[in-house]
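Grab a coffee and open the model in your viewer. Try each exercise yourself before you read its solution.

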Amino acid sequence: MAYLSNDVLIFGVFFGVEVASLSACRTCFVLWNILWCLIFAVSAVASRRYLRQKCSDAKIFFVDPADPGKTVPAPNLTATMHLPPRLSLSVVIPAYNEEERLPIMLEETLSYLNQRSAEKPAFTFECIVVDDHSSDRTSEVTLEYARKYPGLIHLVRLPENHGKGYAVKQGAFCSSGRCILMADADGATRFSDLAHLEREMCAAACAAGGSMVAKSNGPSSSSGSGREGDRKR
């Protein structure tokens, strides 16, 4: 009976040690997972900031319409954000193998914007076509329009295919307009609908900023003066 009690006692001691060890292992496992999650989160944030900074600081070039073999430095949005915007509107057009549909879209776009500029000379614009490494004549078609409409059409030719999102971002970073509009090269949307979009945006901005404007001491807060915070993207 005494031997049985000792055996039970010994078993109990080893079982207790095992439970304590298992509990400690579980605690270490949880702490290890938390540590890795923190490392992953910090790395993700750091990588995102690095890529954003790298993309914003990267130099972007327009292709010279007179000599397609040459490029000219494009404006850098991050460097000119504190300056008054040079134009009223920048239209960013991401394009990949759009040599057939792009001319139709550009004709409609330029027809509308030129008519609007003629009615209101203060309205100025540019169209930036970002060729996402097309395998057709998308760049050549864009350059033909750039020569036909000097100063209104710009071409950014990407050396590799990065996708639509990257193309839009590159076009936005070299824009000079107070407002930046992304438009697809396939002409899926009528460009004349821009007027409806502007009205809705203006109504939303007035509704959201009405209280701030009312609290302002001067009328300049509600006018488009071209200050740093005036660009709409």
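What follows is a set of exercises, each with a worked solution.

**Ground rules**

This is a predicted model, so local features need pLDDT of at least 70 and side-chain atom pairs count only at pLDDT 80 or more, while totals for chains, interfaces and linings use all residues. Residues are numbered from 1 along each chain as its sequence is written, and side-chain values use heavy atoms, with hydrogens and water left out.

**Exercise 1. Get an overview of the chain.**

Step 1: count the elements. There are six helices and six strands; these are DSSP runs, numbered from the N terminus, with helices being H or I of at least four residues and strands E of at least two.

Step 2: read their order. Starting at the N terminus, you get α-β-β-α-β-α-β-α-β-α-β-α.

Step 3: check burial. Of the 233 residues, 29% count as buried. Buried means under 20% relative accessible area, exposed means over 50%, and partly exposed is in between (1.4 Å probe, protein chains only).

Step 4: look at contact range. Among contacts with a separation of 6 or more, 77% come from residues 24 or more positions apart. A contact here means heavy atoms within 4.5 Å.

**Exercise 2. Place strand S4 among its neighbours.**

Step 1: find S4 at residues 125-131. Seven of its seven residues are buried.

Step 2: sort the side chains. Phe125, Cys127, Val129 and Asp131 point one way, Glu126, Ile128 and Val130 point the other way, and all are buried.

Step 3: look for strand partners. S3 (residues 87-95) runs parallel to S4, joined by seven bridges, and S5 (residues 153-157) also runs parallel to S4, joined by five bridges. Two strands pair if DSSP finds at least two bridges between them. On the S5 side, Ile128 has His154 as its bridge partner.

Step 4: follow the connections. S3, helix H3 (residues 102-119) and S4 form a right-handed β-α-β unit. S4, helix H4 (residues 138-148) and S5 form a right-handed one too. Right-handed means that, with the strands pointing away from the viewer, the path from the first strand over the helix to the second runs clockwise.

Step 5: go on to S3. Eight of the nine residues of S3 are buried, so this strand is largely enclosed by the rest of the structure. S3 also pairs with S6 (residues 177-182) in the parallel sense, over five bridges, and Val92 has Met182 as its bridge partner in S6.

**Exercise 3. What surrounds the buried Asp131?**

Step 1: locate Asp131 in strand S4. Ala95 stands opposite Asp131.

Step 2: look for a charge partner. Asp131 has no salt bridge, and the nearest side chain of opposite charge, Arg157, is 5.8 Å away. For a salt bridge, a side-chain nitrogen of Lys or Arg must be within 4 Å of a carboxyl oxygen of Asp or Glu. As for charges, Lys and Arg count as positive and Asp and Glu as negative, with His and the chain ends not counted.

Step 3: look for a polar contact. The Asp131 side chain makes one with the side chain of Ser134, at 2.5 Å. The term covers a pair of N or O atoms within 3.5 Å; within protein, one must be able to donate a hydrogen and the other to accept it, and residues adjacent in sequence count only if both atoms are side-chain atoms.

Step 4: list the remaining neighbours. Leaving aside residues within four places in sequence, Asp131 touches Ala95, Thr138, Ser139, Leu155, Val156, Arg157 and Leu158. Thr138 and Ser139 are among the buried residues of H4, and the cover over the buried residues of H4 includes S1 (61-63), S3, H3, S4 and S5.

**Exercise 4. Which loop holds Asn97, and which holds His133?**

Step 1: recall the background. Most residues other than glycine have a negative phi.

Step 2: take Asn97. This residue sits in the loop between S3 and H3 and has a positive phi of about 55 degrees. Asn97 is partly exposed, at 29% relative accessible area.

Step 3: take His133. This one is in the loop between S4 and H4, with a positive phi of about 60 degrees. His133 is partly exposed, at 41% relative accessible area.
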